[in-house]
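Open your viewer and get ready to select residues as we go. Here is a short tour with a handful of stops.

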Amino acid sequence: MTTKPPLDNLMMDYPLTLTHFFERARRLFANKTLGTRVPGVGLQKSTYADFAGRTARLSAALAALGVGKRDRVGTFAWNSHRHLEIYFAAPLMGAVLHTVNIRLSAQDIRYIVNHAADRVLIVDASLWPILAPIRGELSTVEHVIVMADTPGATIPRGTLDYEQLVAATPPMSEWPKLAETDAAGMCYTSGTTGHPKGVVYTHRAIFLHSMASSMADVFALSERDVILHIVPMFHANAWCVPFAAVLNGATQVFGGPNPQPRDIVELIHQERVTFVGAVPTVWIAIDALLEAEPRWDISSVRMIPIGGSAAPRALLEKFEKKYGVSLLHAWGMTEMTPLGTVCRLKSSMTSLADDERYAIRAKQGIPVGGVDLRIVDEAGREQPWDGRSMGEIQVRGPWILRSYYDSAESADRFTDDGWFRTGDVAVLDPEGYVQITDRTKDLIKSGGEWISSIDVETMIMAHPKVLEAAVIAVPHPKWVERPLACVVPRPGETVTAEEILDFLRPKLARWALPDDVVLIETVPKTSVGKFDKKVLRERFKDWRR
Ligand code: AMP
């Protein structure tokens, strides 16, 4: 009897870990530049060689403090080259990077740090005043390490000096062997109810996500890019771009403490940045600045991924036509590492008329290779891709969570056949382009008809006198809910409710027209810069026309 030679599984079982990214960058890109904006000083520059050496020293220092496999290392920090060092120092030694959102309430920060059981917290000196009052309640934290992020910053008593630790500790001589399923990082996401929930990223998820985001039809990241990090490194790992940047050996510029629109355009202008992502509210503010200060040149930027909330079509059009810069609409979630879809035109669409092309580009795009996506109605039936049928987006793939960390709320977020229920409502067109109509909680139900608040607000934001607009549901005795538009005029402009309604009338069905327009000074923002409609709903809950 002859035995058959083995045929399956003849490729190496090579673990997909961040150690590969780091070692690759250390060997291949030693001379490439990293820079951090230091207020009052300018860009503090270093190299990938410095990064590699300092990261290996930081890992050794953490080990000397007793940090071991699976221990959580929290960060409470702005975007900086030091934050990047922790991004690698913790996971490469087998520990877990936990980026804490600095903009949350003290109550949420306390909950998150205690729930994640962080053993060490690495904190920017400028942010220490937020943590100092609750330090005593962070029961699992044994050591606080402080980074001097501004000139003249002092290291508080009872904490350790990051720079001293890095300088004094010899580098890790060898990285431990890791499995690709080992936890590498974690982020908490704030839902509308209950406590924030922890999402734990494996090495494998970050590895594959970084490869996917580098693909030509996604972000097309390259060694030639100069990437500016404005998306906070505590928000879904800055969309995981720092990891992909190290994989590719790109030049990286970090926005530093609390960057304002002028700081951002100045960095783009001076450093000839080619790639910089941020949420729409940041680009709306930058547009207003560029209008007021036309001397800034941002034409070096080849791509601006924009997401986190819907990008208004008027903004895409303006950036391209006026500033010569292409915005790429993308959709994702903390639970998805975070990338789900990106909106690039297919080759068959490039010859379409302007109007049709922008209508497509304002959609959230098609799923990135690696992500399966479907829309499902309330009865659990998959909906057709007809551009009309609405349903909840459900996804699955190698960088999508399987379970939240230690949370009883996990179960109802997954379907019986293993898909993650995103809570976002969308339609899919026959070409597979996703158009988000709302978060389930933001949809407006008026007399049995659904009104997409996103549709109405992006229309309002196309009005030349409007800076920002948020549309919310207010209670109504007959129709149950009716839309109310909250509008912020551009600086120096006045606009009336009637002007806005006249502008909308030809574009909207009669029942979808907001009952009224209230003019407000600013749309409240969440901790990651999205419109906070919860606050507006509360403020206008008793509103009557
Ligand atoms: P987060 O986990 O904080 O990143 O928030 C994820 C949520 O942001 C998604 O579930 C969507 O509701 C929303 N979101 C992200 N990107 C977009 C987008 N391009 N358009 C509309 N909503 C978006």
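Which residues have the most contacts inside the largest nonpolar core? Select Leu62, Phe88, Ile122, Phe219, Phe243, Ile393 and Val395, and you have them on screen. The core they belong to has 89 residues. Keep in mind throughout that you are looking at a predicted model.

**Stop 1: around Phe88**

Stay with Phe88 and show its surroundings. Leaving out residues up to four places away in sequence, Phe88 touches Leu18, Phe21, Phe22, Phe51, Thr55, Phe243 and Val246. Phe243 should look familiar, as it is also among the residues with the most contacts inside the largest core. There is a second, separate core as well, with 63 residues, including Ile284, Ile306, Val325 and Val517.

**Stop 2: salt bridges**

How many salt bridges does a search of the whole structure find? The total is 43, and a few of them make good stops.

Begin with Arg27 and Glu23, which form a salt bridge whose closest N and O atoms are 3.8 Å apart. Both sit in helix H1 (residues 18-28), and because they are 4 residues apart there, about one helical turn separates them. Is Arg27 buried or exposed? Arg27 is exposed, with a relative accessible area of 61%. Glu23, on the other hand, counts as buried at 17% relative accessibility, since the cut-off for buried is under 20%.

Next, select Arg82 and Glu163. Their side chains meet in a salt bridge, at 2.8 Å from N to O. This pair links distant parts of the chain: Arg82 belongs to helix H3 (residues 81-92) and Glu163 to helix H6 (residues 162-168), 81 residues apart. Arg82 is buried, with a relative accessible area of 8%, while Glu163 is partly exposed at 29%.

Now jump to Glu498 and Arg505. They form a salt bridge too, and the closest N and O atoms are 3.7 Å apart. Glu498 counts as partly exposed at 42% relative accessibility, and Arg505 is partly exposed with a relative accessible area of 41%.

To finish this stop, select Arg313, Glu317, Lys321, Asp354, Asp355 and Arg357 together. These residues are linked in a network of salt bridges.

**Stop 3: the second largest pocket**

Which residues lie nearest the centre of the second largest pocket? Select Gln435, Asp455, Val456, Thr458 and Met459 to find that spot. In total, 31 residues line the pocket. Two or more lining residues come from each of helix H12 (313-323), helix H13 (354-361), strand S20 (434-439), strand S22 (449-451) and helix H14 (453-460). Colour H14 if you want to see the element that gives the most to this lining, with 5 residues. The space in the pocket is about 690 Å³. Its lining divides into 19 nonpolar, 7 polar and 5 charged residues.

**Stop 4: Ile436 in strand S20**

Strand S20 also holds Ile436, so pick it out next. At 7% relative accessibility, Ile436 counts as buried. Beyond its neighbours up to four places away in sequence, Ile436 touches Trp331, Gln364, Ile393, Asp424, Val425, Ala426 and Ile454. One of these contacts, Ile393, was selected at the start as a residue with many contacts in the largest core. For a distance to try in your viewer, take the C-alpha atoms of Ile436 and Ser452: these residues are 16 places apart along the chain, and the atoms are separated by 8.8 Å.

**Stop 5: the cavity**

How many cavities of 30 Å³ or more does the structure hold? There is 1, and the volume of the largest cavity is about 70 Å³. To outline it, select Ile227, Leu228, His229, Ile230, Val231, Ala238, Trp239, Val241, Phe275, Val276, Gly277 and Pro305. Strand S10 (226-229), helix H8 (236-239) and strand S12 (275-277) each give two or more residues to this lining. The lining has 10 nonpolar residues, 2 polar and no charged.

**Stop 6: Gly35**

End at Gly35, in strand S1 (residues 33-38). Gly35 is buried, with a relative accessible area of 1%. Setting aside neighbours within four places in sequence, Gly35 is in contact with Leu43, Gln44, Lys45, Gln252, Val253 and Phe254. Gly255 makes a good last selection: Gly35 and Gly255 are 220 residues apart along the chain, with 8.8 Å between their C-alpha atoms.

Methods. Residues are numbered from 1 along each chain as its sequence is written. This is a predicted model: local features need pLDDT of at least 70, side-chain atom pairs count only at pLDDT 80 or more; totals for chains, interfaces and linings use all residues. Side-chain values use heavy atoms; hydrogens and water are left out. A nonpolar core is a set of buried Ala, Val, Leu, Ile, Met, Phe, Trp, Tyr and Cys residues joined through side-chain atoms within 4.5 Å. Buried means under 20% relative accessible area, exposed over 50%, partly exposed in between (1.4 Å probe, protein chains only). Contact means heavy atoms within 4.5 Å. A salt bridge is a side-chain nitrogen of Lys or Arg within 4 Å of a carboxyl oxygen of Asp or Glu. On a 1 Å grid over the protein atoms alone, a cavity is a set of points where a 1.4 Å probe fits but cannot get out, and a pocket is an open set with protein on both sides within 12 Å along at least five of seven lines; lining residues have an atom within 4 Å of a point. Grid points are joined across faces, edges and corners, and a volume is the space filled by probe spheres set on the points. Ala, Val, Leu, Ile, Met, Phe, Trp, Tyr, Cys and Pro count as nonpolar, Asp, Glu, Lys and Arg as charged, and the others, Gly among them, as polar.
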